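The following paragraphs lead the reader through one protein model, from individual strand pairings to the overall dimensions. Please keep the sequence and the coordinates at hand while reading.

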Amino acid sequence: MASISFNQLFELARSLSVECIVGRLLYPIRCRLLSSRYCTEQPTRYEPLGSVITWDTEGRRVDVECTGGVVRLEALAPEVWRLRARRWDAPPFEDQPFSYALTPEVEWHDAALLAEDTDDEVIVHGGAVTCHIQRAPFRLSFYDAGGRPVTQDIHGLGFRGDGAYATRRLAEAEAVYGLGERAFDLNLRGRSLSLWNRDPETYEPGDDPIHLSIPMLVGLRDGLAYGLFFDNPGRARIDLGQTHHDTLHYEVETGELCLYLFAGPGMADVLARYTQLTGRMPLPPLWALGYHQSRWSYYPEAEVRAIAVEFRTRQIPCDVIHLDIHYMDGYRVFTWDRERFPDPPGLIADLRDQGFRVVTIIDPGVMVDPGYHVHDDGLE
C-alpha cells in the first residue's frame, strides 16, 4: 500500500470539510461554556415607573417624575422624539447622552413643545406628533397630526435588575421589519429575537441569533410607518407578539432605556431620519456595485491567481475577489501568511491589471498573543 504524506492527509481532510464538521459539532458546547461564563440570570421582578407625581417642560424637553423613576422626553425634530428613563438613585440626565451609534455632526431644528394638563393625562404638542402621558399608571402614546396612533404603550416601561424594559401595542395587522441580519422572512411579527451576536459557521432558516443585530425596527400598519431605535448595545431581547399577540416587549439586561421614535409617515421618511441620526455612508465606488467572488476560502496565492484567470477566460464579469482568514498569519488580523502569500503587493497589483480589486476579511477580534504587535498595542 502506498504511503500517504501529511500534506495529502491534510488536503483530503480539507476536501471532506472535516474541519468545518468538527467545528459545527463543537459549536453548541462552546456556546454553553461562554453563556455560563458571561451570561447572568435576570431577577424576575419588574419595577414599573408607577404613577406621575409631577412634570415640567422647558423648550423642546419634558421631564416627568414618577413614583418609580424619572422620564425625559425630547422632541429633536417634529417627527423625531427621544425617550429616556432612569431610576431615582441614578445620576441626572446629561444634555447629550453618550452613544456609540449617533453621529456627532447631526443638527436638529428646535421644536418647542406646548403642554396642557387634564385630569387623566398630560398632552404634549410637538408639531407633527402629539404625546399623551397617562398619569396613573404612567403610559406614553404618540399620535400624528391627523390623530392616528403612531405607537402606544400597552404595559408601560420600567426597570428590571440592572436593565430596563418597554412595551408597545401591536395592531392586528401590523408588520414589523428590521433588527439586523435574521434568518427569517422580512416580516418579523410573531417572533421573539435576541439582540446579541454569535458567529455560527453555518445556520438554518429560523436560527437566532446569527451575525448581526441592529436594535432598530420599522413598524407598518394601515399605510403608516414608524421606527423605534433602542440606543443600548447591551444584551437584549425583543418579543414581537410571540408571547402576547398585541404586545411588543423590549428588555435589555444592563444600562438605561434610551429610545428614539421616528414618526414616518412613510418607510422612506423613517429611514431618512434614522440615518440622519446615526450617519450615512458615502457613495460607494462603482466597482463595489459589481460582482464579488467570495467564499471560505482561497489560498495559496496560486489558487487566487487561477480563479482570476478562469473568470477572464470564461468571460464572466467580476470586479472583486475576497480573501478569507487563510491569508492571515495564524488568523492574526492585519497580517499576511508569507508562505501562502509571499508577495501581497505584487498579487494585488497583478489582479488590478486584470480588472480585479481585492478585499481581505478582518475579523472583529485580536488573538491573545504577547509579541504580536496588534495585541501589544491594544493592551497599551
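In this predicted model, valine 62 has leucine 73 of strand S4 as its bridge partner. That pairing belongs to an antiparallel arrangement in which strand S3 (residues 61-66) is joined to S4 by 6 bridges. The two strands form a hairpin, and 2 residues lie between S3 and S4. On the C-terminal side, S4 is connected to S5 by a hairpin as well, again through 2 residues. Here the antiparallel pairing between S4 and strand S5 (residues 80-86) comprises 7 bridges, and valine 70 stands opposite arginine 86 of S5.

How many of the 9 residues of strand S4 are buried? The count is 9 of 9 for S4 (residues 69-77), so this strand is largely enclosed by the rest of the structure. The criterion behind that statement is a relative accessible area under 20%.

A further set of strands forms an open sheet of 5 members, in the order S6-S7-S8-S9-S10 and with antiparallel pairing. Strand S6 (114-117) and strand S10 (149-152) are its edges, since each of them pairs on one side only. From one strand to the next, the twist averages 20°. As a general point, the strands of a sheet pair through backbone hydrogen bonds, in either a parallel or an antiparallel sense.

Within this sheet, S6 pairs with strand S7 (residues 121-125) over 4 bridges in the antiparallel sense. Two residue pairs illustrate the register: alanine 115 stands opposite valine 124 of S7, and glutamate 116 has isoleucine 123 of S7 as its bridge partner. S6 and S7 form a hairpin with 3 residues between them. Valine 124 also has a bridge partner in S8, namely cysteine 131. The antiparallel pairing of S7 with strand S8 (residues 129-134) is made of 5 bridges. These two strands likewise form a hairpin with 3 residues between them, where glycine 127 adopts a positive phi near 90°.

Another glycine deserves attention in strand S15 (residues 213-221), where glycine 219 is located. Is glycine 219 buried or exposed? Its relative accessibility is 0%, and therefore glycine 219 counts as buried. Leaving aside residues up to four places away in sequence, glycine 219 touches Glu174, Ala175, Leu224, Ala225 and Tyr226. With respect to glutamate 174, the C-alpha separation from glycine 219 is 6.8 Å, although the two residues are 45 residues apart along the chain.

The opposite case is found in helix H2 (residues 18-38), which contains leucine 33. Leucine 33 counts as exposed because its relative accessibility is 56%. Together with Leu26 and Ile29, Leu33 forms a nonpolar patch on the surface, and the accessible area of the three residues is about 280 Å².

The view may now be widened to the whole protein. It contains 6 helices and 22 strands, and the C-alpha trace spans about 90 × 45 × 45 Å along its principal axes. Of the 380 residues, 39% are buried. The accessible surface of the protein amounts to about 21300 Å², and carbon and sulfur atoms account for 56% of that area. Among contacts between residues at least 6 apart in sequence, 57% join residues at least 24 apart.

Notes. Residues are numbered from 1 along each chain as its sequence is written. This is a predicted model: local features need pLDDT of at least 70, side-chain atom pairs count only at pLDDT 80 or more; totals for chains, interfaces and linings use all residues. Side-chain values use heavy atoms; hydrogens and water are left out. Patches are made of residues with over 30% relative accessible area and no salt bridge: like charges are joined within 9 Å, nonpolar side chains (Val, Leu, Ile, Met, Phe, Trp, Tyr) within 5 Å. Accessible areas come from the Shrake-Rupley method with a 1.4 Å probe; for residues, only the protein chains shown count as cover. A salt bridge is a side-chain nitrogen of Lys or Arg within 4 Å of a carboxyl oxygen of Asp or Glu. Buried means under 20% relative accessible area, exposed over 50%, partly exposed in between (1.4 Å probe, protein chains only). Two strands pair if DSSP finds at least two bridges between them. Axes are lines fitted to C-alpha atoms, for helices over the stretch in contact, and angles run from 0 to 180 degrees between N-to-C directions. Contact means heavy atoms within 4.5 Å.
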